[in-house]
Amino acid sequence: HIPYNKAALVLGTSHRLRDGSPNPYFHNRMEAAASLYHSGKVSYLIVSGDNRTIWYNEPEQMRQRLIELEVPGHVIYADTAGLRTRDSVIRCKEVFGLESFTIVSQRFHNQRAVYIAKNLGLKNVVAYNAKDAENQQNSRIIIREWFARMLVFRDIAGGVRPEYSGEKISIGNKN
């Protein structure tokens, strides 16, 4: 049972795999986010991801896919400085001003994101798990996630801040 939250934080990933084929993690996340919106469990989506070069823009790829899934563009907010999961969660609180929100990603990723949120004092953050990728080589994902979890502890101990902070953005006041 997923409670209503004003917004969902949709964590970014590339829409393509290294070999150029579609990334099932991306597509499953976008379908989960669209489902959450269409079921009335959230009113807005924050698509958060990497946008460091003109050739790579995760939030824009996410936005385009969500619009294809019939999510209205005016309810989608881009966080183009969500370079890491911790950055995305901190920015959701500090830039977008949310104390409670729903995180959308795969289960393994959501576990880490919710842990980060709870560590920041966000008690009402929940996760909505997108389907995992079927028939994917998961050893690379498992190793990457293990290192990412180790970095969380280092970041918490060291008080690491996001690379970019940015001006405050009020959800729901978009023209």
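## Helix packing and buried sites in a predicted model

Glu-70 sits in the loop that joins helix H2 (58-68) to strand E3 (76-79). The model is a predicted one. Glu-70 has a phi near 70°, a positive value in a residue that is not glycine. Most residues other than glycine have a negative phi. Glu-70 is also exposed, at a relative accessible area of 66%, and exposed here means over 50%.

### The chain as a whole

The protein chain contains five helices and five strands. Starting from the N terminus, its elements follow the order β-α-β-α-β-α-β-α-β-α. The chain has 175 residues, of which 45% count as buried. About 9400 Å² of the protein chain is exposed, and 51% of that area comes from carbon and sulfur atoms. Among contacts in the protein chain with a separation of 6 or more, 75% are between residues 24 or more positions apart.

### Two helix pairs

How are H1 and H2 placed relative to each other? Helix H1 (residues 24-38) packs on H2 at an angle of about 55°, and their axes are 10 Å apart. That angle makes H1 oblique to H2. The crossing of H1 and H2 is right-handed. From H1, the residues Phe-26, His-27, Met-30, Glu-31, Ala-33 and Ala-34 take part in the contact, and they meet Gln-61, Met-62, Arg-65 and Leu-66 of H2. By type, the residues of the contact of H1 with H2 are six nonpolar, two polar and two charged.

Another pair is formed by helix H3 (residues 85-94) and helix H4 (residues 107-119), which pack at about 45° with axes 10 Å apart. H3 and H4 are therefore oblique to each other, and their crossing is right-handed. On the H3 side, Thr-85, Arg-86 and Val-89 make the contact, meeting His-109, Arg-112, Ala-113, Ile-116 and Ala-117 in H4. The residues of the contact of H3 with H4 comprise four nonpolar, two polar and two charged.

H3 is mostly covered, with eight of its ten residues buried. The buried residues of H3 are Thr-85, Arg-86, Asp-87, Ser-88, Val-89, Ile-90, Arg-91 and Cys-92.

### Two buried residues of strand E1

Val-10 belongs to strand E1 (residues 5-11), and Ala-7 lies in strand E1 as well. Val-10 is buried, with a relative accessible area of 0%. Ala-7 is likewise buried, at 0% relative accessible area.

What does Val-10 touch, leaving out residues up to four places away in sequence? Its contacts are Met-30, Ala-33, Leu-45, Ile-46, Val-47, Ser-48, Met-62 and Val-104. Among these, Met-30 and Ala-33 are H1 residues that meet H2, and Met-62 is an H2 residue that meets H1.

With the same sequence neighbours left out, Ala-7 touches Val-42, Tyr-44, Ile-46, Leu-98, Phe-101 and Thr-102. Ala-7 is also paired below with Cys-92, one of the buried residues of H3.

The table gives residue pairs with their separation in sequence and in space, C-alpha to C-alpha.

| Pair | Apart in sequence | Apart in space (C-alpha to C-alpha) |
|---|---|---|
| Val-10 and Pro-59 | 49 residues | 9.2 Å |
| Ala-7 and Cys-92 | 85 residues | 9.6 Å |
| Glu-58 and Val-47 | eleven residues | 8.2 Å |

### Asp-50 and Glu-58

Asp-50 is located in the loop between strand E2 (42-48) and H2, while Glu-58 lies in helix H2. Is Asp-50 buried or exposed? At 13% relative accessibility, Asp-50 counts as buried, because the cut-off for buried is under 20%. Glu-58 is buried too, with a relative accessible area of 8%.

Not counting residues up to four places away in sequence, Asp-50 touches Tyr-56, Asn-57, Glu-58, Pro-59, Thr-80, Gly-82 and Leu-83. Glu-58, with its neighbours within four places set aside, is in contact with Gly-12, Thr-13, Ser-14, Gly-49 and Asp-50.

Conventions: Residues are numbered from 1 along each chain as its sequence is written. This is a predicted model: local features need pLDDT of at least 70, side-chain atom pairs count only at pLDDT 80 or more; totals for chains, interfaces and linings use all residues. Side-chain values use heavy atoms; hydrogens and water are left out. Axes are lines fitted to C-alpha atoms, for helices over the stretch in contact, and angles run from 0 to 180 degrees between N-to-C directions. Helices (H or I, at least four residues) and strands (E, at least two) are DSSP runs, numbered from the N terminus. Angles under 35 degrees count as roughly parallel, over 145 as roughly antiparallel, 65 to 115 as roughly perpendicular and the rest as oblique. A crossing is left-handed if the near helix is turned anticlockwise from the far one by less than a right angle, and right-handed if clockwise. Contact means heavy atoms within 4.5 Å. Ala, Val, Leu, Ile, Met, Phe, Trp, Tyr, Cys and Pro count as nonpolar, Asp, Glu, Lys and Arg as charged, and the others, Gly among them, as polar. Buried means under 20% relative accessible area, exposed over 50%, partly exposed in between (1.4 Å probe, protein chains only). Accessible areas come from the Shrake-Rupley method with a 1.4 Å probe; for residues, only the protein chains shown count as cover.
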